[in-house]
Amino acid sequence: PDATQAISTGGGGAVPGEVTFDLNPLLSAGITRIGVGRADGSGTLRVGALALTSDTKLQTGSGDIVFTDAITGSHELAVESATGTIELQGVTIDTGSAAQSYQGALRLAGSNTLRGGSVCLGGTVDATVAGADGLHLCR
C-alpha cells in the first residue's frame, strides 16, 4: 500500500454530514498513520469495531470521540479530546498487555470494560445514568 490508496466509505452516517470509514483494511495493509477528521479538530469522531495492528492515537480538538463497538489488538491506544468528551457506549476495549490512555472528560453509557497492560484516565469520569452505567478496569 502507499499514500494514494483509496478509502471507501460506508456512505452517510446516522448524523447529517457524517461519513463512515472502515479503517480495518488500511490497518491490516500495514498503514500506520491515518488522519481522519476536520482540519480544525471539530466534529465528532465515532469509532466502531476496530482491530489495532499498530500503536494508535485518536485525537480531536473540540470534537467528541464516541466508541460504539469493540476495539481489539495488542497495541497501545491513546485517546485525546482537548475540550470534547470521550464517550464509551457499552464497549470492550482490549489491548492485551499494551497500554491505554484517555486524556479528556470520559462519559460512560452502559457497561464498559477497558482491558490492557495499564489504563490511564487523565480527566473526569461521568456516568450518565446512576446505577446503570459502569466501568470495569482489567489487567
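Two strands pair if DSSP finds at least two bridges between them. Strands, like helices, are DSSP runs numbered from the N terminus; a strand (E) has at least two residues, and a helix (H or I) at least four. The model shown is predicted, so local features need a pLDDT of at least 70, side-chain atom pairs count only at pLDDT 80 or more, and totals for chains, interfaces and linings use all residues. Residues are numbered from 1 along each chain as its sequence is written, and side-chain values use heavy atoms, with hydrogens and water left out.

**View 1. The open sheet of 5 strands.** The strands of this sheet follow the order 4-7-9-11-14, with parallel pairing. Strand 4 (50-51) and strand 14 (134-138) form the edges, each pairing on one side only. Strand 7 (residues 71-72) is joined in the parallel sense to strand 9 (residues 92-94) over 2 bridges. Within this pair, Ile71 stands opposite Ile93. Strands of a sheet pair through backbone hydrogen bonds, either parallel or antiparallel.

**View 2. The largest nonpolar core.** A nonpolar core is a set of buried Ala, Val, Leu, Ile, Met, Phe, Trp, Tyr and Cys residues joined through side-chain atoms within 4.5 Å. The largest one here has 18 residues, and those with the most contacts inside it are Val47, Phe67, Ile71, Leu77, Leu88 and Ile93. Two or more residues come from each of strand 3 (45-47), strand 6 (65-67), strand 8 and strand 10 (100-109). Strand 8 gives the largest share, 4 residues. Beyond four places in sequence, Ile93 is in contact (heavy atoms within 4.5 Å) with residues including Phe67, Ile71, Leu77 and Leu88.

**View 3. The surroundings of Ser81.** Ser81 lies in strand 8 (residues 77-89). Ser81 counts as buried because its relative accessible area is 3%; buried means under 20%, exposed over 50% and partly exposed in between (1.4 Å probe, protein chains only). The side chain of Ser81 reaches the backbone oxygen of Gly63 at 2.7 Å. Beyond four places in sequence, the contacts of Ser81 also include Thr60, Gly61 and Gln103.

**View 4. Cys120 and Cys138.** Cys120 is partly exposed, at 38% relative accessibility, and Cys138 is partly exposed at 26%. With a disulfide defined as a pair of cysteine sulfur atoms within 2.5 Å, the count comes to 0.

**View 5. Confidence along the chain.** The predictor's confidence in each residue is its pLDDT, from 0 to 100. The protein chain averages 80, and 75% of the residues score at least 70. Among the elements, strand 1 (residues 9-12) has the lowest mean, 46, and strand 9 the highest, 97.

How values were computed:
A polar contact is a pair of N or O atoms within 3.5 Å; within protein, one must be able to donate a hydrogen and the other to accept it, and residues adjacent in sequence count only if both atoms are side-chain atoms.
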